[in-house]
Structures are given as structure tokens and as C-alpha cells.
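Hi,

Here is the structure I promised to pass on. Have a look at it first, and my notes on what turned up are underneath.

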Amino acid sequence: MTPVSGTHTPTRLEGALGACAGACERHARTVLIAIALLTLAAGVASALFMRIDSDLSKLIRPSDELRWYRDDQAYNAAFPHLLQTAVVVISGPRYAPVVAHAERLRDAFAADPAFSHVFAPSIDPFLADRRLYFLAPEQLVDWGSGVEQDYGVLLRLADSAGLANGALTFADQVSARPGMPLPRPLATLAASFEQPPPRTIELHGYPHLEPEVDGVHHELIVLKGEQRLDASLPNAELVAHIERTIAARAAPPGVSVRLTGEVKLADEEIGAALEGIGLAGTLSVFLLALVLGVGVRSARIVAATFVLLGSGILLTLGWAVLAVGSFNTLALIFVVMFFGLGVDFVVHYALRLRESVSEPDGDGGAASAAVIAAR
């Protein structure tokens with residue numbers, strides 16, 4: 001703070017600030033009315049024209065000269081269906097129920113127009129029909145041995161796919177090979193009747209391609225849907241729609257369905273950030289009121305401080321609408337910063353003004369303006 005004395009010669013800037021402060025003091029009512037009208041206009045403009053753009057890629061844009069950024073942009077252009085995806089994870093100790101439920105969910109998602117891309121890698125029809133091409137040599141040998149063992153059963157079932165032929169084949173196999181494991185086609189057929197009446201009858205014609213050991217088996221379904229970038233939570237509606245689709249189809253006992261992926265994680269991160277901003281803003285207002293009440297001890301200054309904070313926020317929003325046009329969700333973080341900076345300036349200004357008014361200089365408002373300008 002620059003002290004006011006008879007030896008100090010105000011600079012041109014100090015003179016201009018002093019003249020501005022003096023003019024505001026002489027026309028205080030006009031200045032307050034102008035600020036109130038500007039605040040009202042900014043608030044109305046913000047309410048009518050403010051829009052949200054939650055595309056975080058626009059928050060910070062790297063230089064096009066960076067090689068990694070160019071490669072990332074080329075990848076995004078070549079594989080747009082792999083961006084902003086959700087992943088449904090189906091898990092369970094038994095392979096067959098996990099696959100069956102994954103197929104039901106995949107069909108439900110594929111029939112829903114809300115999803116532009118649905119891909120389940122391990123149960124994709126194209127890959128499933130060509131699974132032999134993906135087997136290691138030793139696995140291919142095992143598969144050939146299994147086919148040789150089940151060859152007779154497959155021929156009998158191929159002659160007639162009726163339930164009667166299946167029952168006769170099952171009875172002949174049990175009587176001919178008592179105590180021996182059933183061929184895979186008959187084992188899957190018998191498993192369909194574990195919980196009568198069966199909803200579906202399964203008969204797997206590709207034996208020994210499924211893991212027989214018990215453990216944790218996983219199936220993944222990759223989904224891509226439309227984001228609402230004009231909302232503060234762009235993925236909330238999509239995530240809720242996926243969760244409703246999952247909840248509408250009860251999983252078999254022992255099978256769990258979970259949701260992860262970029263869409264789900266981003267929705268949780270932005271939601272947590274907004275909750276944190278709301279909590280931080282509330283605590284900031286409370287602590288500011290407490291600090292001002294204890295430190296300043298002037299109800300008029302405290303009230304004026306919060307009125308000016310509200311006016312400053314609305315004026316800032318109005319200017320942002322005019323200059324930028326849209327807000328990013330994370331931009332709300334700066335509201336809390338505005339509280340701290342705004343209160344700092346208001347308190348310094350108000351206390352210096354009160355100090356200057358109480359000085360016995362006998363010059364009234366002119367002295368106040370000069371002191372404020374000197375600061």
C-alpha cells in the first residue's frame with residue numbers, strides 16, 4: 001500500500017483511477033442502478049442463450065505439430081466405432097450360462113436403435129464359425145480327437161434332429177459306454193433338461209471348443225451409443241439406458257453383469273466432479289461468511305461483498321455467453337476460484353475505503369478517492 005503524503009506525486013494511472021473513483025462516489029446511485037441493470041441483463045442472457053458443450057477434447061487442444069497427436073487423430077478417424085464405448089462384462093463360474101446370457105444381452109443391444117455399434121468378440125457369429133482358425137496346434141489336435149470320438153453320435157443326430165432320436169441316441173450311448181463321459185453333443189442336450197421345463201434345447205455340434213474346467217469365465221460386449229454433449233452429464237442417459245436393458249433380463253444363478261468402459265468411467269468422473277464443485281461452493285460461501293463476520297465485523301460490508309459476488313458471477317456468465325457461447329462442464333470449477341479472488345479484492349477495497357473515511361483529513365469524498373487511487 002502506497003502511503004498518502006504531501007511528497008507523493010500521483011502518476012497518470014493513479015490520477016485516472018482517482019478520477020473514476022471520485023465520479024463513482026459523486027454518482028453513486030446512478031452507478032448502482034447501472035450495475036443492477038447490467039447484472040439483470042447478464043442473468044437473462046445466460047438463462048436464454050447459455051449452452052453446455054461437454055466434449056472434453058475441446059478443453060485443451062494439442063498442437064498439430066505433435067506426432068503423437070497426429071497419430072491419435074488418424075486412429076480416431078480410422079476406428080470411430082472404438083471411441084467413447086461402454087463395455088458390459090458377463091462373468092460366472094460356468095462357461096455355458098455365461099455365454100447364453102451374453103448372447104441374450106448382445107441380441108437385445110443389437111435390436112435397440114439407441115446403439116450404433118454392438119460387438120461381442122468371443123461370441124461374434126463370424127468368429128464363432130471360424131473358431132478353428134484361432135486354435136493353437138495342440139488345441140487343434142485335441143479338437144480332432146474329440147470329433148473322432150463323437151463322430152458316430154453326430155451322424156445319428158444329423159439323420160434326425162428330433163427329440164425322440166436324441167433320447168434314443170442318449171440311451172444307446174449310456175448303455176454302450178457305462179460310466180464314461182458323454183460326447184459333447186449329448187452332454188449339452190442333457191444339460192438343457194436340468195431345470196424342467198427347458199426354455200431352450202441346446203446341442204453343440206462343435207465339441208471340445210469350450211473350456212471344461214471350472215473357474216471364472218468372462219464375456220465382453222462393446223457398445224457405442226449417442227452422447228448428449230449439450231448436457232452437463234453427457235453419458236448419463238446412455239449409461240442409464242444400458243443399465244435398464246441389463247436389469248430387464250435377469251441373469252442365471254451365479255452369473256454377474258457389470259458395466260465399465262470409457263463411457264461409464266467418464267460419467268462417474270464428471271458426476272463426482274460436479275458433486276465436489278457443489279460441496280466446495282457451499283463450504284466456500286459458509287466459510288467466507290464466517291471469516292468476514294469474525295474479521296470484518298461489519299454487516300454492511302459482508303452483505304455488500306456477497307451482493308457483488310453474485311453480480312460478478314452473473315456478469316462473468318453473460319460475458320462468457322457473448323464471447324464464447326458455450327460452457328464446458330469442468331468450467332464450473334472456476335466459480336469457486338471466483339469466490340476467493342472476488343472476496344480478496346472486495347475486502348481490501350472496502351477496508352481501505354473505511355480507513356480513509358475515518359481519517360481526519362477534512363476532505364471527505366475527495367480524500368477517499370485519492371487514498372483509494374494511491375492504493
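A quick definition before the details: a salt bridge here is a side-chain nitrogen of Lys or Arg within 4 Å of a carboxyl oxygen of Asp or Glu. Please also keep in mind that this is a predicted model.

With that cut-off, searching the whole structure turns up 4 salt bridges. Let me start with Lys264 and Glu243, whose side chains meet in one of them, at 3.1 Å from N to O. That pair ties together distant parts of the chain: Lys264 sits in helix H10 and Glu243 in helix H9 (residues 236-247), 21 residues apart. As for exposure, Lys264 has 14% relative accessibility, so it counts as buried, the limit being under 20%. Glu243, at 37%, counts as partly exposed.

Lys264 has another partner too. It forms a salt bridge with Glu268, where the closest N and O atoms are 3.7 Å apart. This one stays inside helix H10: Lys264 and Glu268 are 4 residues apart there, about one turn of the helix. Glu268 is partly exposed, with a relative accessible area of 44%. Because salt bridges that share partners are joined up, Glu243, Lys264 and Glu268 make one network.

Elsewhere, Arg106 and Asp107 bring their side chains together in a salt bridge, with 3.3 Å from N to O. Which of these two is buried, and which is partly exposed? Arg106 is the buried one, with a relative accessible area of 16%. Asp107 comes out at 45% relative accessibility and counts as partly exposed.

Now for something without charges. There is a nonpolar surface patch of about 600 Å², made by Leu279, Leu283, Phe286, Leu287, Leu290 and Val294. Leu283, one of the patch residues, is found in helix H10, which covers residues 262-295. Its relative accessible area is 44%, so Leu283 is partly exposed, falling between the 20% and 50% limits. Since a patch residue needs over 30% relative accessible area, the 44% of Leu283 clears that bar.

If you want a place to begin, try helix H10: Lys264 and Glu268 both lie there, and so does Leu283 from the nonpolar patch.

Cheers

Conventions:
Residues numbered from 1 in each chain as written. Predicted model: local features only at pLDDT ≥ 70, side-chain atom pairs only at ≥ 80, totals over all residues. Heavy atoms only, no water. Patch = residues over 30% accessible without salt bridge, like charges linked within 9 Å, V, L, I, M, F, W, Y side chains within 5 Å. Areas by Shrake-Rupley, 256 points an atom, 1.4 Å probe, with all protein chains shown as cover. Helix = DSSP H or I, 4+ residues; strand = E, 2+ residues; numbered from the N terminus. Buried < 20%, exposed > 50% of the residue type's maximum accessible area, 1.4 Å probe, protein only.
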